[in-house]
Amino acid sequence: MRTLGILGGMSWESTQVYYQGLNRGVREARGGLSSAPLLLHSLEFSQLARWQHEGNWQAIATTLGQAGQGLQAAGAQALVIATNTMHKVAGQVQSMLDIPLLHIGDAIGQRLQQQGIGRAALLGTRFTMEDGFYQAFFSEHYGIELCVPAAAERQEVHRIIFEELCQGMMLEESRYRLDRCLAELADSGAEMGILGCTELGLILPKSAYLPLLDTTAAHIQQGLAFMLDLPRVAHS
């Protein structure tokens, strides 16, 4: 198997899902005592979160790139960033590496294409929903349109992620509010809901209004395909 590096800790609540999912996937594929050959750099999230809210994405890109270089030097043969939002700087991080960065957008885009989805609802942090990098990625590489909740709902989704999910809180009221966001987007023509934050799958395993794509699960499958040397997708 090939060794996979994980840039995690953003938040560690979802990074542990990556660790468990990758190891379970290898055990299912290989059997017995098989486990995933992983290298993990778990970053201290509070500083990165401050930079996000300050708009200092260059500092984030440099920090992630340097951490990725450390994993590369330690023997990682490919890298995943275990968060959706930080893919805003995926191109800058990749430019600092000699190994491939397995982009979460490719894991999502392939799934959507396979199901014939042309318009999808996106829930995530404010940065993921509002900064336009996901909309541009999916439009350019997969021809898929993303729609997001109205401003007040975007603010509430962002609050739930940072103040609750990243701190281990799963509240039923918040699960209901997230699902109501999907109901409104379904009414606007969305065919599927994208859980575009790696913590969202922890609280919203299914929706009453749309089929869901859990980006964490899709990214884990992408990582497994690399480690097990199975066919994987990369945008052109």
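1. In this predicted model, strands E6 and E7 run parallel and are joined by 3 bridges, and within that pairing Ile194 stands opposite Leu213 in E7. On another side of the pattern, E4 and E6 are also parallel, with 4 bridges between them, and Leu123 has Leu195 in E6 as its bridge partner. Strand E4, which covers residues 119–123, pairs in the parallel sense with E5 over 3 bridges, where the partner of Arg119 is Glu145.

2. Taken together, these pairings belong to an open sheet of 4 strands in the order E5-E4-E6-E7, with parallel pairing. Strand E5 (145–147) and strand E7 (212–214) stand at the edges with a single partner strand each, so one side of each is left without a neighbour in the sheet. From one strand to the next, the twist averages 35 degrees.

3. The surroundings of E6 deserve a separate look, since both faces of this strand are covered: Met192 and Ile194 are buried on one side, and Gly193 and Leu195 are buried on the other. Helix H11, residues 215–227, lies across E6 (192–195) and E7, and runs at about 50 degrees to E7.

4. Helix H11 appears again at the second largest pocket, to whose lining H11 gives 4 residues, the largest share. The volume of this pocket is about 150 Å³, and its lining includes Val17, Arg24, Thr198, Leu202, Asp214, Thr216, Ile220 and Gln221. The elements that contribute two or more residues to that lining are helix H1 (12–30), helix H10 (200–203) and H11.

5. As for the packing of the interior, the largest nonpolar core has 46 residues, of which Leu7, Met10, Leu64 and Met86 touch the most other members. Helix H3, residues 57–74, supplies the largest share of this core, namely 7 residues. Apart from it lies another core, of 33 residues, which includes Ala107, Ile117, Ile144 and Ala218. In soluble globular proteins, nonpolar side chains tend to be buried together.

6. Met10 merits closer inspection, and the list that follows leaves aside its neighbours within four places in sequence. Among the residues in contact with Met10 are Leu43, Phe45, Leu48, Leu64, Ile81, Ala82 and Met86, and the list also includes Thr15, Thr83, Thr198 and Glu199.

7. Empty space inside the model should be considered alongside that packing, and the structure holds 1 cavity of 30 Å³ or more. The largest cavity has a volume of about 90 Å³ and is lined by 15 residues, of which Met10, Phe45, Thr83, Thr85 and Thr125 lie nearest its centre. Helix H2 (45–54) and helix H8 (151–164) each supply at least two residues of its lining. Met10 is thus a residue to examine in both settings, as one of those touching the most other members of the largest nonpolar core and as one of those nearest the centre of the largest cavity.

8. A last point concerns Ser174, which has its place in helix H9, residues 172–187. With a relative accessibility of 3%, Ser174 counts as buried, because the cut-off for that class is under 20%. Leaving aside neighbours within four places in sequence, Ser174 is in contact with Arg159, Ile160, Glu164 and Ile203.

Conventions. Residues numbered from 1 in each chain as written. Predicted model: local features only at pLDDT ≥ 70, side-chain atom pairs only at ≥ 80, totals over all residues. Heavy atoms only, no water. Core = buried A, V, L, I, M, F, W, Y, C linked by side-chain atoms within 4.5 Å. Buried < 20%, exposed > 50% of the residue type's maximum accessible area, 1.4 Å probe, protein only. Contact = heavy atoms within 4.5 Å. Pairing = 2+ DSSP bridges. Axes fitted to C-alpha atoms, helices over the stretch in contact; angles between N-to-C directions. 1 Å grid on protein atoms, 1.4 Å probe; cavity = no way out; pocket = protein on both sides within 12 Å on 5 of 7 lines; lining within 4 Å. Points joined across faces, edges and corners; volume = space filled by probe spheres on them.
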